[in-house]
Amino acid sequence: MKRKVIIDCDPGIDDSLAIMLALSSPEIEVAGITIVCGNAPVEMGAGNARKVLQFMNRLDVPVYVGAEKPLRRAYINALDTHGADGLGESFLPEVEGYRTDMDAVTFLRQSLMGETCSVIALGPLTNLANLYKEAPDAFARIEELVSMGGNYKSHGNCSPVAEYNYWADPDAADIVYDAFARQHKKIHMVGLDVTRQIVLTPDLLEYMYRLDAACGAFVKKITKFYLDFHWEWEHLIGCVINDPLAVAYFLNRELCRGFEAYVDIETDGISIGQTVVDAYDFYKKEANAIVLTEVEVKEFFYLFFARLLHMKKEDLDLIEQIVK
Ligand code: BDR
Ligand code: CA
């Protein structure tokens, strides 16, 4: 039976790739996409989700708009990284029609009160914190929460110590991690330690294009700006695609390994947004997270390509040579 998931995200270039992976994976049913302010303002994010759904021929998947600002701190978008349209300055035609009959939190609440449902969170955790505040009973029914965010030993991408999703709304991340601690459950923390290793290179893009011109052209179009950004800021030829790893890990737990720990989020000061991972059990608190630290990079790309291009792993032999 397909597992039901809601993707809470801020598309966003890598969010879009993650949505494409989820929609191409038969093990899961994407019940809906909820949008949070993050990389892009919410309405732009909702429009981008619809553009991706249009490309995937899946406009049946409903998109709901959520928080337009973080809980407490001022909203800081990441359009410098994702382009003026939030989708790599691809400026694809607008696709109207995200759902306005309810907001993201209401959709999450209603869905969670029904069939068993998990959440893959690819943006700041504002919608989920609001869900917890408004409907803790529904929040408690989240089967599994996989969250792209945070970092353990890896450096941050917004400060020396903080990753964007948790830095953008540290109060929300704090509420959600705390709620999981109270409920004796664990968040799967797919942080920069593992996502930084997922680099989509020009060779991989070209390979994708050669195998499937339509999909390859779409991915090339939305990632070009992101590649330029990585060259300019990190002197990297390629771009780090964080969010698809969270979906891939949801599909296959063998892709990443890590350890259980209590995780707290810094909500103020120079370390704002930092994930304080109590790997050495100083706090003597029950673990509320599985902190992922190792990833099978080649296996990720086999899965990513196989699903997006509708191919078999054994027909993707060049990945062996391209991915180091
Ligand atoms: C995260 O921040 C966003 O820019 C990406 O979409 C990803 O979710 C990485 O820090
Ligand atoms: Ca994201």
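**Close-up views of a predicted model**

**Figure 1. The calcium ion (ligand 2) is held by donors spaced D-x4-D-x106-L-x120-D along the chain.** In this predicted model, the protein donors are Asp10 (OD), Asp15 (OD), Asp15 (OD), Leu122 (O) and Asp243 (OD), which lie 2.2 to 2.6 Å from the ion. Asp15 belongs to helix H1, whereas Leu122 sits in the loop between strand S4 (117-121) and helix H5 (126-134), so this pair ties together parts that are 107 residues apart in sequence. Both Asp15 and Leu122 are buried.

**Figure 2. Helix H1 is largely enclosed by the rest of the structure.** This description rests on burial, because 11 of the 11 residues of H1 are buried. Among them are the acidic residues Asp14 and Asp15, together with Ile13, Leu17, Ile19 and Met20. The loop between strand S1 (3-9) and H1 contains Gly12, and the peptide bond from Pro11 to Gly12 is cis, with omega near -10°. Most residues other than glycine have a negative phi, and most peptide bonds are trans.

**Figure 3. The side chain of Asn242 makes polar contacts with the side chains of Asp14 and Thr195.** Asn242 is placed in the loop between strand S8 (239-240) and helix H12 (243-251). The contact with Asp14 spans 3.2 Å, and that with Thr195 spans 2.7 Å. Asn242 has a relative accessibility of 9% and therefore counts as buried. Its partner Asp14 is one of the buried residues of H1.

**Figure 4. The largest pocket has a volume of about 550 Å³.** Of the 29 residues that line this pocket, Thr81, Asn157, Cys158, Tyr164 and Phe229 are the closest to its centre. Helices H1 (13-23), H3 (79-82), H7 (164-168) and H11 (213-234) each supply at least two lining residues. The most is given by H11, with five residues. By residue class, the lining comprises 12 nonpolar, nine polar and eight charged residues.

**Figure 5. Cysteines Cys9 and Cys158 are shown in a structure that holds zero disulfides.** For Cys9, the nearest cysteine sulfur is that of Cys37, 12 Å away. Cys9 is buried, with a relative accessible area of 0%. The sulfur of Cys158 likewise has its closest cysteine sulfur in Cys37, at 14 Å, which is too far for a bond. Cys158 is partly exposed, with a relative accessible area of 31%, and is among the residues closest to the centre of the largest pocket.

**Figure 6. Phe91 and His310 have a positive phi although neither is a glycine.** Phe91 has a phi of about 45° and is placed in the loop between H3 and H4. With 54% relative accessibility, Phe91 counts as exposed. His310 has a phi of about 55° and lies in the loop between helix H13 (297-309) and helix H14 (318-322). His310 is also exposed, with a relative accessible area of 66%.

**Figure 7. Glu115 and Arg141 are 9.6 Å apart in space, C-alpha to C-alpha.** In sequence, the two residues are separated by 26 positions. Glu115 is found in the loop between helix H4 (104-112) and S4. Its relative accessibility is 52%, and Glu115 therefore counts as exposed.

Definitions and conventions
Residues numbered from 1 in each chain as written. Chains lettered and ligands numbered in written order. Predicted model: local features only at pLDDT ≥ 70, side-chain atom pairs only at ≥ 80, totals over all residues. Heavy atoms only, no water. 1 Å grid on protein atoms, 1.4 Å probe; cavity = no way out; pocket = protein on both sides within 12 Å on 5 of 7 lines; lining within 4 Å. Points joined across faces, edges and corners; volume = space filled by probe spheres on them. Helix = DSSP H or I, 4+ residues; strand = E, 2+ residues; numbered from the N terminus. Nonpolar A, V, L, I, M, F, W, Y, C, P; charged D, E, K, R; others polar. Donors = N, O, S within 2.8 Å, 3.2 Å for Na, K, Ca; no water. Buried < 20%, exposed > 50% of the residue type's maximum accessible area, 1.4 Å probe, protein only. Disulfide = S-S within 2.5 Å. Polar contact = N/O pair within 3.5 Å; in protein donor to acceptor, adjacent residues only side chain to side chain.
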